[in-house]
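Subject: Structure for you to look at

Dear colleague,

I am handing over the structure we spoke about, and it is placed just below so that you can have it open while you read. My notes on what was found in it follow.

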Amino acid sequence: MAKKLGIVHCRVCKGDIDRNIEQENIDWISPSKNFYYHKECYENWKKKTNDIHAQADEKMWKDAVYDYLRRDKKIVIDYLKMDAQWKALVKKGRTPKGIYFCVRYFYDVQNGDPSKAQGGIGIVDYIYEEGCNYWASKEIRERGLIAKIEQQMKDAQNQETIVVKKTRDNNKKKKVPTLAEIGEGED
């Protein structure tokens, strides 16, 4: 009797894949252990991995803003405050990409003072239109500039983080006091 396989979920569309009914490599595929995809979902996903515009979701843009402020501008970020401001801006119709480029516009072009940031991105609401107009005109003058910046951002996020684990030096053993030494200390 054949082993009954459980239902799994496609990692792209989150739909059910019944491995008992559907055929592997025809209806679904598993390129890695425990990674299941509908064949069509996987092919579409693979096409999009080479397209920066298809990959650029809201989380990526938010992470890019956070990294830019923290790493490049050395601003101490209050993540909860920034997250609340981000959600409010998106709710007002500001695009994640537009927010990122407005932050870059404020600090790189207008030479905004990082000490006045107060851990957030509140300035974006006031300069959004101006920042978008600046980047649109810059893109017209220098074709492909935005794509280059996006590619740099993608490369920075894909860089491998080096984690250094500090190990205890086993050669230095702790000295365990003898009973005689303990007795001498009590006097």
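Tyr79 may serve as a starting point: with a relative accessible area of 37%, Tyr79 is partly exposed. Please keep in mind throughout that this is a predicted model.

Tyr79 forms an aromatic pair with Tyr66, and the arrangement is edge-to-face, with 5.4 Å from centre to centre and 85° between the planes. Because Tyr66 belongs to helix α3 (residues 58-72) and Tyr79 to helix α4 (residues 79-91), this pair ties together parts that are 13 residues apart in sequence. Tyr66 is likewise partly exposed, at 22% relative accessibility.

A second pair is made by Tyr134 and Trp135, whose ring centres are 5.3 Å apart and whose planes stand at 80°, so that this pair too is edge-to-face. Its two members fall into separate classes of exposure, since Tyr134 at 21% relative accessibility counts as partly exposed, whereas Trp135 at 10% is buried. Both of these residues belong to a cluster that ring pairs build from Trp61, Tyr100, Phe101, Tyr105, Tyr134 and Trp135. In the whole protein the count comes to ten aromatic pairs.

To place these details in the overall fold, the protein has eight helices and four strands, and along the sequence the four strands come before the eight helices. Of its 187 residues, 32% are buried. Among contacts between residues at least 6 apart in sequence, 53% join residues that are at least 24 apart. The protein exposes about 13900 Å², of which carbon and sulfur atoms supply 51%.

In the strand part, β3 (residues 28-32) and β4 (residues 35-38) run antiparallel and are joined by three bridges. Ser32 stands opposite Phe35 of β4, and in the hairpin, which has two residues between the strands, Asn34 takes a positive phi near 65°.

Turning to the helices, α4 has 13 residues and reaches 18 Å from its first C-alpha to its last, which is close to the 18 Å expected at 1.5 Å a residue. Which residues of α4 are buried? They are Met82, Asp83, Gln85, Trp86 and Leu89, and, seen down the helix axis, they fall within an arc of 165°, so they line one face of α4. In general, an α-helix has 3.6 residues a turn, so residues three or four places apart point the same way. The buried residues of α4 pack against α3, α5 (96-109) and α6 (124-141), while on the other side of α4 the residues Leu80, Lys87 and Lys91 are exposed. Just after α4, Gly93 takes a positive phi of about 100°.

Helix α5 presents another picture, in that eleven of its 14 residues are buried, so it is largely enclosed by the rest of the structure. Among the buried residues of α5 are Pro96, Gly98, Cys102 and Arg104, and also Tyr100, Phe101 and Tyr105, which were named above as members of the aromatic cluster. The end C-alpha atoms of α5 are 19 Å apart, in agreement with the 20 Å that its 14 residues should span at 1.5 Å a residue. After α5 comes Asn111, whose phi is positive, near 50°.

With best wishes

How values were computed:
Residues are numbered from 1 along each chain as its sequence is written. This is a predicted model: local features need pLDDT of at least 70, side-chain atom pairs count only at pLDDT 80 or more; totals for chains, interfaces and linings use all residues. Side-chain values use heavy atoms; hydrogens and water are left out. Buried means under 20% relative accessible area, exposed over 50%, partly exposed in between (1.4 Å probe, protein chains only). Contact means heavy atoms within 4.5 Å. Accessible areas come from the Shrake-Rupley method with a 1.4 Å probe; for residues, only the protein chains shown count as cover. Rings of Phe, Tyr and Trp (its six-membered ring) pair if their centres lie within 6.5 Å; planes under 30 degrees apart count as stacked, over 60 as edge-to-face and the rest as tilted. Two strands pair if DSSP finds at least two bridges between them. The expected span of a helix is 1.5 Å times one less than its number of residues. The arc is that of the directions from the helix axis to the C-beta atoms.
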